[in-house]
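Hi,

Here's the structure I promised to pass along. Have a look at it first, and my notes on what turned up follow just below.

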Amino acid sequence: MSAPVTGEADSRTTTEGKVSTVGQEAVPEGGDSTDSEQSQGAHVFPVALAALGVVFGDIGTSPIYALRQCFYGMERVNPTPQNVFGILSLIIWALIFVVSIKYLLFVMRANNKGEGGIVALVALLNPWRAKRGSQRYILMLLGLFGGALLYGDGSITPAISVLSAVEGLKVAAPGIEPYVIPITVTILVSLFLIQKKGTGGIGLFFGPLIGVWLLVLAALGIRGIWLHPEVLAAFDPVHAIQFFLDNRESAFLVLGAVFLVVTGGEALYADMGHFGVRPIRLAWFALVLPALLLNYLGQGALILGSSGDATQPFYDLAPSWAIYPLVALATIATVIASQAIISGAFSLTRQLVYLNQLPRVNITQTSSARQGQIYIGSVNWILMFATIGLVFGFKSSSALGSAYGVAVSGTMVITTILAYFVALRFKWNKWLVLLLCAFFLIIDTAFLTANLFKVADGGWYPILAALLVFTVMTCWARGRVLLRQQLAEESESLDMLVKRIAQDQPYRIPGTAVFLTGDDMVPPRLLHHLDRHHVLQAYVLLVTVQTMDVPRVPATERLELYAVSPDIMRVIVKYGFMQGVNVPVALKLCHKLGLEFDIDNVTYYLGRETLIPSTDVVGMMRWRERLFAFLLRNALRATAYYQLPPEDVVELGFQVRI
């Protein structure tokens with residue numbers, strides 16, 4: 001990870017004399033404690049209920065379209081009894097192997113102090129200062145590309161989920177088909193419009209509603225199984241093997257549709273930090289998995305008894321009088337699933353921004369009680385237009401099924417690879433980990449390969465979206481490295497600063513000057529200030545905000561103070577990549593270290609660099625330099641990012657050639 005130019009820094013060792021460290025027990029400036037603590041003892045059941053709405057919304061709504069896609073989608077097979085048993089067997093064992101064993105029992109053990117997700121997994125490898133071309137550097141790029149793939153999923157999931165739910169209206173009223181897309185778009189626009197208001201209040205109902213939804217899934221499934229109990233034979237994996245022997249190439253292609261049943265698996269890992277491992281495992285094994293299995297078996301039983309006429313097997317399971325209530329409940333469930341994906345995109349963006357892999361963006365905290373509830377306007381509107389464009393472009397959930405799966409299957413392959421290296425780092429049993437990961441990788445690769453055959457039919461979209469995001473990330477990270485190198489040429493050591501001031505004393509005025517710096521060098525803006533104005537405040541604080549490779553930094557480790565000279569101090573403020581930054585609040589804690597200054601008489605000096613792309617400086621291709629310059633111009637201003645009072649900020653501008 002490149003060291004930032006202004007504000008954050010890497011964790012390099014400083015040479016100044018360390019004075020002390022301090023924590024902040026009562027000031028909620030940088031996040032909340034890990035929610036997994038709530039999962040202990042008697043709290044595990046209510047937390048498990050709350051987890052239903054956030055963690056299982058995506059995978060819980062897959063029955064609406066997944067099995068239908070296998071028999072009536074783009075890569076369909078004929079709904080013969082042998083094929084029904086084979087596909088049901090594949091679905092059953094995919095849920096067991098991929099979700100239950102891989103994620104719930106294996107990958108969730110690789111957590112970064114309670115946090116999960118592919119970015120947290122990358123951070124466990126600590127690759128940010130690895131040399132370019134090294135194994136850790138390649139793993140970092142691989143993990144970041146996996147994160148980029150999730151943005152494509154973030155726009156497809158709301159589109160296919162809500163559209164598939166609304167399509168249920170055609171079962172009861174075929175004449176309503178022309179209104180399916182307008183109704184879907186109206187629901188989606190409403191969903192994105194309410195994001196800026198926060199979802200804290202609505203979220204209280206998410207868990208119970210998904211709980212009701214899962215119970216309905218189970219009830220519908222039992223109804224279908226009651227009619228054709230022989231469908232239970234699908235638990236025999238021999239049916240899956242025979243399905244491949246009978247269909248061969250068609251069987252492999254339909255794996256792309258079978259994969260839709262596990263597409264929410266990555267969310268289980270990503271949302272682990274919100275609820276803890278125990279509640280998620282309890283909810284999955286006690287309710288979610290049984291409900292899903294019952295519903296898929298019920299749909300299969302219906303297809304067995306319908307001679308292939310059940311083109312909407314999920315809705316056909318319900319009696320005619322229940323179609324409209326079921327569509328309403330399905331719509332609510334898909335909106336909840338979409339909400340979880342959108343919130344996940346916000347969280348992923350914040351992590352990448354704080355790890356300096358994306359430009360700074362405006363992050364709005366929508367809840368004073370929970371750090372995880374945030375809103376990012378730019379991400380919200382991009383997702384909204386992309387989602388609506390997908391609905392108009394593909395027009396049906398069956399067509400969207402061809403685009404869905406490529407992103408998640410790619411991310412799952414990368415998660416398996418990263419989990420292997422993380423397990424080795426933590427010295428787990430090498431041979432056991434190798435066997436497990438090799439087994440999981442075979443399954444993941446088979447799903448990914450099957451999904452890649454859908455590229456021409458829509459799978460190109462998530463790949464294109466991921467490449468665009470990944471290009472932005474690599475240009476931003478590399479550009480900051482080059483920018484820092486250019487600025488370093490105009491910097492000098494702290495010792496040289498002390499000698500400079502001793503030899504040519506500037507005029508001292510009351511107050512405190514704060515210069516944000518990314519390392520233990522004197523920032524160029526301080527030197528420019530001295531050279532041009534020959535004036536300096538009575539106290540000078542060189543503040544470095546470090547984003548650590550952990551989700552949250554404990555309060556007791558928030559602040560460190562180093563003495564450069566009697567009137568120049570270096571302050572290091574540490575945050576995790578799941579926490580927000582507030583420099584003025586952090587500086588209020590300096591008095592606990594014995595550093596007294598008037599917090600109301602502080603001037604913050606920031607640099608505002610104007611980039612000039614140049615072929616004379618070796619670093620990036622010209623188009624990447626221009627892209628980085630564009631990103632830097634449009635990134636959130638440091639004043640807002642560090643929550644500095646605008647009336648106390650002075651910006652010093654200069655040009656830099658890269």
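Let me start at the surface: Phe385 is exposed, with 58% relative accessible area, and the cut-off for calling a residue exposed is over 50%. Bear in mind that this is a predicted model. Phe385 sits in helix α17, which covers residues 377-394. Phe385 also belongs to a nonpolar patch on the surface, together with Leu193, Ile194 and Trp381. The area of that patch comes to about 370 Å².

Now for a residue at the other end of the scale. Met412 lies in helix α19 (residues 406-425), and its relative accessibility is 1%, so Met412 counts as buried. What does Met412 touch, leaving aside residues up to four places away in sequence? The list is Val98, Lys102, Tyr103, Phe259, Val262, Gly265, Glu266 and Asp444. Take Gly265 from that list: Gly265 and Met412 are 147 residues apart along the chain, yet 8.6 Å separates their C-alpha atoms.

The last thing to look at is a pair of strands. Strand β9 runs over residues 559-565, and 6 of its 7 residues are buried, so β9 is largely enclosed by the rest of the structure. Its partner is strand β10 (residues 568-575), and the two pair in the antiparallel sense over 6 bridges. A hairpin of 2 residues links β9 to β10, and Ser565 stands opposite Ile568 of β10. When you look at the side chains there, remember that in a regular strand they alternate between the two faces of the sheet.

Cheers

Definitions and conventions: Residues numbered from 1 in each chain as written. Predicted model: local features only at pLDDT ≥ 70, side-chain atom pairs only at ≥ 80, totals over all residues. Heavy atoms only, no water. Buried < 20%, exposed > 50% of the residue type's maximum accessible area, 1.4 Å probe, protein only. Helix = DSSP H or I, 4+ residues; strand = E, 2+ residues; numbered from the N terminus. Pairing = 2+ DSSP bridges. Patch = residues over 30% accessible without salt bridge, like charges linked within 9 Å, V, L, I, M, F, W, Y side chains within 5 Å. Areas by Shrake-Rupley, 256 points an atom, 1.4 Å probe, with all protein chains shown as cover. Salt bridge = Lys/Arg side-chain N within 4 Å of Asp/Glu carboxyl O. Contact = heavy atoms within 4.5 Å.
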